[in-house]
Amino acid sequence: MIEEPAAERLVRHLAHRGIRDPRVLAAIRDVPRQAFVPGNCARDAWLDEALPLGSGQTVSQPYVVALMTEALELEASSKVLEVGTGSGYQAAVISRIAPQVFTIEILPVLAESACERLARLGYCTVRCRQGDGAEGWPEEAPFEAIVVTAAPKRVPQALVDQLAVGGRLCVPVGEDPSDQRLLLFVKRPDGGLDGHALAPVRFVPMTGAAP
Ligand code: SAH
């Protein structure tokens, strides 16, 4: 019997867990996660597990990457902001669906290595910046979608301001990793947010000037 390729097995698992958007499943299948994790973790790259990426940070679990990306309901014209580049993996996944991805990482060593990795692997529509993502990327606003992959105590106001009307903001909120919720907000024409919780999650806390 021929063994099912690891990428196909992961995608089948994610579909079984409820990920439906075929674009998200195809993106997870096509982005080589082993290129985003340390060499000693490469053999686990296609498991549905968070993996260390250095500097005490982690590459999110594929299910959580898929859940967040699906929740953004990306369109072919969406301009997307990611806060927390980490390895660059989620930015790469999003770039398979949306044409413009802007990603910010606070730790210089990670910002530099992710930027170099994304360029080397050919993800040339992802623009990287080192800085405090709680301030967003005002020169490129508004964004149709914003995804935050480190947990603030409260949603940073700059990100709300930089979200387009009708845009979607997906963010894990709660400093204590044992009590965090992944929240999804949609911006109303009056500038307010409608939101609901998607899942309990465990992200590293957002650092910097985050509220
Ligand atoms: N999305 C990443 C995983 C991110 S882990 C991936 O796919 O690999 C969370 C990242 O957020 C860490 O790299 C951490 O350094 C970064 N981070 C924490 N606070 C931040 C802030 N205020 N601005 C930007 N990045 C931040």
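A residue is counted as near the ligand if one of its heavy atoms lies within 4 Å of it. The exercises below concern a predicted model.

**Exercise 1. The ligand site**

Determine how many residues surround the ligand, which are closest, and how much of the ligand's accessible area the protein covers.

Solution.
Step 1. The ligand is surrounded by 26 residues. The closest are Ser-87, Glu-105, Asp-132, Gly-133 and Thr-207.
Step 2. Polar side-chain atoms are examined next. In Ser-87, an N or O atom of the side chain is 2.7 Å from an oxygen atom of the ligand. Glu-82 places a polar side-chain atom 3.1 Å from a ligand nitrogen atom, and Thr-149 has a polar side-chain atom 3.2 Å from a nitrogen atom of the ligand.
Step 3. On its own, the ligand has 580 Å² of accessible area, of which the protein covers 99%.

**Exercise 2. The buried side of H2**

Identify the buried residues of helix H2 (residues 22–30), and establish where around the axis they lie.

Solution.
Step 1. A residue is buried when its relative accessible area is under 20%. In H2, the buried residues are Val-24, Leu-25, Ala-27 and Ile-28.
Step 2. These residues span an arc of only 160 degrees around the axis, and therefore lie on the same side of H2.
Step 3. The general geometry is relevant here: an α-helix has 3.6 residues a turn, so residues three or four places apart point the same way.
Step 4. The cover over the buried residues of H2 includes helix H1 (6–16), helix H3 (62–71) and helix H4 (89–95).
Step 5. At the start of H2, the backbone nitrogen of Arg-23 has a side-chain oxygen of Asp-21 within 2.9 Å.

**Exercise 3. Salt bridges and the parts they connect**

For the salt bridges Arg-17 to Asp-48, Glu-116 to Arg-120 and Arg-127 to Glu-140, state where the partners lie and whether each is buried, partly exposed or exposed.

Solution.
Step 1. The criterion is a side-chain nitrogen of Lys or Arg within 4 Å of a carboxyl oxygen of Asp or Glu. The count comes to 11 salt bridges.
Step 2. Arg-17 and Asp-48 meet at 3.2 Å, N to O. Arg-17 lies in the loop between H1 and H2, and Asp-48 in the loop between H2 and strand E1 (51–54), so the pair ties together parts 31 residues apart in sequence. Arg-17 is partly exposed at 39%, whereas Asp-48 is buried at 16%.
Step 3. In the bridge of Glu-116 with Arg-120, the closest N and O atoms are 3.0 Å apart. The two residues are four apart in helix H5 (residues 108–120), which means that about one helical turn separates them. Glu-116 is partly exposed at 42%, and Arg-120 is exposed at 53%.
Step 4. Arg-127 and Glu-140 meet at 3.4 Å, N to O. Because Arg-127 lies in strand E5 (residues 126–130) and Glu-140 in the loop between E5 and strand E6 (143–148), the pair ties together parts 13 residues apart in sequence. Arg-127 is partly exposed at 41%, and Glu-140 is buried at 16%.
Step 5. A network of salt bridges links Arg-29, Asp-30 and Arg-96.

**Exercise 4. Backbone geometry in loops**

Locate the cis peptide bond from Ala-141 to Pro-142 and the positive phi angles of Ser-55 and Glu-73.

Solution.
Step 1. The bond from Ala-141 to Pro-142 has omega near 5 degrees, and Pro-142 lies in the loop between E5 and E6.
Step 2. Ser-55, although not a glycine, has a phi of about 55 degrees. Ser-55 is in the loop between E1 and strand E2 (57–59), and is partly exposed at 44% relative accessibility.
Step 3. Glu-73, also not a glycine, has a phi of about 45 degrees. Glu-73 belongs to the loop between H3 and strand E3 (79–83), and is partly exposed at 47%.

Methods. Residues are numbered from 1 along each chain as its sequence is written. This is a predicted model: local features need pLDDT of at least 70, side-chain atom pairs count only at pLDDT 80 or more; totals for chains, interfaces and linings use all residues. Side-chain values use heavy atoms; hydrogens and water are left out. Buried means under 20% relative accessible area, exposed over 50%, partly exposed in between (1.4 Å probe, protein chains only). The arc is that of the directions from the helix axis to the C-beta atoms. Contact means heavy atoms within 4.5 Å. A polar contact is a pair of N or O atoms within 3.5 Å; within protein, one must be able to donate a hydrogen and the other to accept it, and residues adjacent in sequence count only if both atoms are side-chain atoms. Accessible areas come from the Shrake-Rupley method with a 1.4 Å probe; for residues, only the protein chains shown count as cover.
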